[in-house]
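Please open the model in your viewer and keep the sequence panel beside it, so that each selection can be followed in both places. The tour goes from one residue to its surroundings, and then onward to strands, rings, cores and charged pairs.

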Amino acid sequence: LTQYRAPKTLSGVQPALTVRVDNLDHSVSLKTFMKKNIQTYPRLGFRILDQKPILVNDQKAYVIDIKNPRSKRQLRQVVFLKNTTVVTLTCRAHEEAFTSAVQDCNQIIRNFAWKKD
């Protein structure tokens, strides 16, 4: 849906936060959705560093930290699911700059809220 890029590169990679919105055919729980999708990361060349359900502003979410050993890029994805709408916030940076970049991303992620109906 959108992408926010840092003004400068860190370790040769321009840190970025992307927002992706997907609509599912039917309603499913966040746990079920993530259980299925977690399986795709290793097939795409990512190593899972950490994964867990979290709460963001009293909203259920799921965070997954992954790394691509070949490109030396590290990512944090936070997935929100409401009814049939999935919002995935992805923070991406070079592994050497990730700790710094993810702090900025976490500030944005902490402010996520579903639009009031």
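Begin by selecting Gln 77, which is buried, with a relative accessible area of 13%. Keep in mind throughout that this is a predicted model. Gln 77 is found in strand β5, which covers residues 73–82. If you show its side chain together with that of Tyr 41, you will find a polar contact of 2.3 Å joining the two. A further polar contact, of 3.0 Å, runs from the side chain of Gln 77 to the side chain of Thr 90. When residues up to four places away in sequence are left out, the residues that Gln 77 touches are Tyr 41, Tyr 62, Val 63, Ile 64, Thr 88, Leu 89 and Thr 90.

**Strand β4 and its partners**

Next, select residues 59–68, which make up strand β4; 9 of its 10 residues are buried, so the strand is largely enclosed by the rest of the structure. Which strands pair with β4, and in what direction do they run? To one partner, strand β3 (residues 47–56), β4 is joined by 9 bridges, and the two run antiparallel. Selecting Ile 54 shows a residue that stands opposite Ala 61 in β4. The hairpin of β3 and β4 has 2 residues between the strands, and Asn 57 there takes a positive phi near 55°.

The other partner to display is β5, which is joined to β4 by 8 bridges, again in an antiparallel arrangement. Here you can select Tyr 62, whose bridge partner in β5 is Val 79. These two strands also form a hairpin, with 4 residues between them, and Lys 72 in the turn has a positive phi of about 65°.

**The aromatic rings**

Now show the aromatic side chains, among which the structure holds 2 aromatic pairs. In one of them Phe 80 and Phe 112 are stacked, with 3.9 Å from centre to centre and 20° between the planes. Because Phe 80 lies in strand β5 and Phe 112 in the segment after α3 (98–109), this pair ties together parts that are 32 residues apart in sequence. Colouring by accessibility would show Phe 80 as buried, at 0% relative accessibility, and Phe 112 as buried too, with a relative accessible area of 13%. Phe 112 also forms an aromatic pair with Trp 114, which is edge-to-face, with 5.3 Å from centre to centre and 85° between the planes. Select Phe 80, Phe 112 and Trp 114 together, and you have a cluster linked by ring pairs.

**The nonpolar cores**

From the rings, move on to the largest nonpolar core, which has 17 residues; Val 78, Phe 80, Val 87 and Leu 89 are the ones that touch the most other members. The elements giving two or more residues to this core are β2 (16–23), β4, β5, β6 (85–94) and α3, and the most comes from α3, with 5 residues. For a closer view, select Val 78, which touches Ile 54, Ala 61, Tyr 62, Val 63, Val 87, Thr 88, Leu 89 and Ile 109, not counting residues up to four places away in sequence. Apart from this core lies another, of 12 residues, and you can locate it by selecting some of its members, including Leu 30, Tyr 62, Leu 81 and Val 86.

**The salt bridges**

How many salt bridges are there to look for? The count comes to 3. Start with Arg 20 and Asp 22, whose closest N and O atoms are 2.7 Å apart. Arg 20 is exposed, with a relative accessible area of 51%, whereas Asp 22 is partly exposed, with a relative accessible area of 25%.

Then select Asp 65 and Arg 76, whose side chains meet in a salt bridge of 2.7 Å, N to O. This pair links distant parts of the chain, with Asp 65 in strand β4 and Arg 76 in strand β5, 11 residues apart. Are these two residues buried or exposed? Both Asp 65 and Arg 76 are buried.

The last stop is Glu 95 with Lys 67, where the side chains meet in a salt bridge of 3.1 Å, N to O. Glu 95 is in the loop between β6 and α3 and Lys 67 is in strand β4, so that you should look for partners 28 residues apart.

Definitions and conventions:
Residues numbered from 1 in each chain as written. Predicted model: local features only at pLDDT ≥ 70, side-chain atom pairs only at ≥ 80, totals over all residues. Heavy atoms only, no water. Buried < 20%, exposed > 50% of the residue type's maximum accessible area, 1.4 Å probe, protein only. Polar contact = N/O pair within 3.5 Å; in protein donor to acceptor, adjacent residues only side chain to side chain. Contact = heavy atoms within 4.5 Å. Pairing = 2+ DSSP bridges. Phe/Tyr/Trp six-rings, centres within 6.5 Å; stacked < 30°, edge-to-face > 60°. Core = buried A, V, L, I, M, F, W, Y, C linked by side-chain atoms within 4.5 Å. Salt bridge = Lys/Arg side-chain N within 4 Å of Asp/Glu carboxyl O.
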